[in-house]
Structure formats: structure tokens, C-alpha cells
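Please find below a colleague's note on the fold, strand pairing and core of the protein shown here. The points are numbered for ease of reply.

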Amino acid sequence: MGLRKLAVLVFGFGLFLAAIPAVAHHAFSAEFDSNQPVTIRGRVTKIAWTNPHVWIYVNVQDESRKVVNWGFEMGAPQQVRNRGWDRTTLKTGDEVIVDGWKARDGSFRMNARSVKWAETGKSLDAGTSNTAQ
Ligand SMILES: [Cu+2]
């Protein structure tokens, strides 16, 4: 095929790739409820630097001393990095206090606004997708 046709094809594919993260994203309000603020405290069990969002999991003890594994959504990896995080910032076993909003479906998931280390009191912004905060 001609160079022009190839250029159009490459450009088109670029647009397609650029559209993927947007498609994979959800609106905050589709999954989380800004009227249900929540704060959890527990120890980190897993850290996933995934697209379109970084997810962190924490073991939280409820009122009946039962341990529940909560997952909290942070911003996209690049947004999180821009707020001072890197892959070594949070370690498995760290005790954290996470502030954010509950999932609408009542599952043990939330969207995080900030993460605070229980031991040092250090706190970092989580890159929430809640634009209404
Ligand atoms: Cu998203």
C-alpha cells in the first residue's frame, strides 16, 4: 500500500490505543458513593500497580474481631506517582488509615482520598477520581 494509506492506518491505530484507557475507566459515581465516606484501618496485604487504577488491599478487623480484606482504589499509576508514590512507598504489613468513599454495591471496596501511615503519621494523597470532593 502507499505511504499515505499506511500513515492513515498508523494514525488510526494510535487513536485506538489512546482510547483504551478511557474505555477501561469508569466514572467515580458509577461505582462509588460520595455520600458514604468511610475510614478503614488495617495492614496492607497486597499492592497492585495496575491500569487503569492502582489497587491496595488491607486486612481490617471489624467490631466482632473478624478480619475482612478491603480493597481500595487509587488513581491511575501515573497520577499516583505524581503525588509522591513509588513502588516502595507502601509495603506489605504496613499499618495504614485510609480515608475515602464506599462502593455502591456494599462490597469491601472503596475509593481512597488519602492514605496515612499509622506508625509515622505520614500521609499521601491517593489520587482519587472523585471530582466532587
Ligand atoms: Cu477509572
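The points below move from the overall fold to the strand pairs and then to the core.

1. Basis of the note. This is a predicted model, in which local features need pLDDT of at least 70 and side-chain atom pairs count only at pLDDT 80 or more, while totals for chains, interfaces and linings use all residues. Residues are numbered from 1 along each chain as its sequence is written.

2. Overall composition. The protein chain contains 3 helices and 6 strands; helices (H or I, at least four residues) and strands (E, at least two) are DSSP runs, numbered from the N terminus. Their order from the N terminus is α-α-β-β-β-α-β-β-β. Of the 133 residues in the protein chain, 20% are buried, that is, have 20 or more other C-beta atoms within 10 Å of their own, with C-beta atoms placed from the backbone. Among contacts (C-beta atoms, placed from the backbone, within 7 Å) with a separation of 6 or more, 54% link residues 24 or more positions apart.

3. Strands E1 to E3. Strand E1 (residues 32-49) pairs with strand E2 (residues 54-61) in the antiparallel sense over 6 bridges; pairing requires that DSSP finds at least two bridges between two strands. The two form a hairpin with 4 residues between them. E2 also runs antiparallel to strand E3 (residues 67-73), joined by 7 bridges. In this second hairpin 5 residues lie between the strands, and arginine 65 in the turn has a positive phi of about 65°. Tryptophan 55 in E2 stands opposite alanine 48 and has glutamate 73 in E3 as a bridge partner.

4. Strands E4 and E5. E1 pairs with E4 as well, antiparallel and over 8 bridges, and arginine 43 has glutamate 95 in E4 as its bridge partner. E4 and E5 run antiparallel and are joined by 7 bridges, with valine 98 opposite valine 115 in E5. These strands form a hairpin with 5 residues between them, where glycine 106 in the turn has a positive phi of about 80°.

5. Nonpolar core. The largest nonpolar core (buried Ala, Val, Leu, Ile, Met, Phe, Trp, Tyr and Cys residues joined through C-beta atoms within 7 Å) has 16 residues, of which Phe72, Met74, Val98, Met110 and Ala112 touch the most other members. E2, E3, strand E4 (95-103) and strand E5 (109-117) each supply at least two residues of this core. Not counting residues up to four places away in sequence, alanine 112 touches Phe72, Glu73, Met74, Val98, Gly100, Ala126 and Thr128.

Notes: A residue is buried if 20 or more other C-beta atoms lie within 10 Å of its own, exposed if 12 or fewer, and partly exposed in between; C-beta atoms are placed from the backbone. Two residues are in contact if their C-beta atoms, placed from the backbone, lie within 7 Å.
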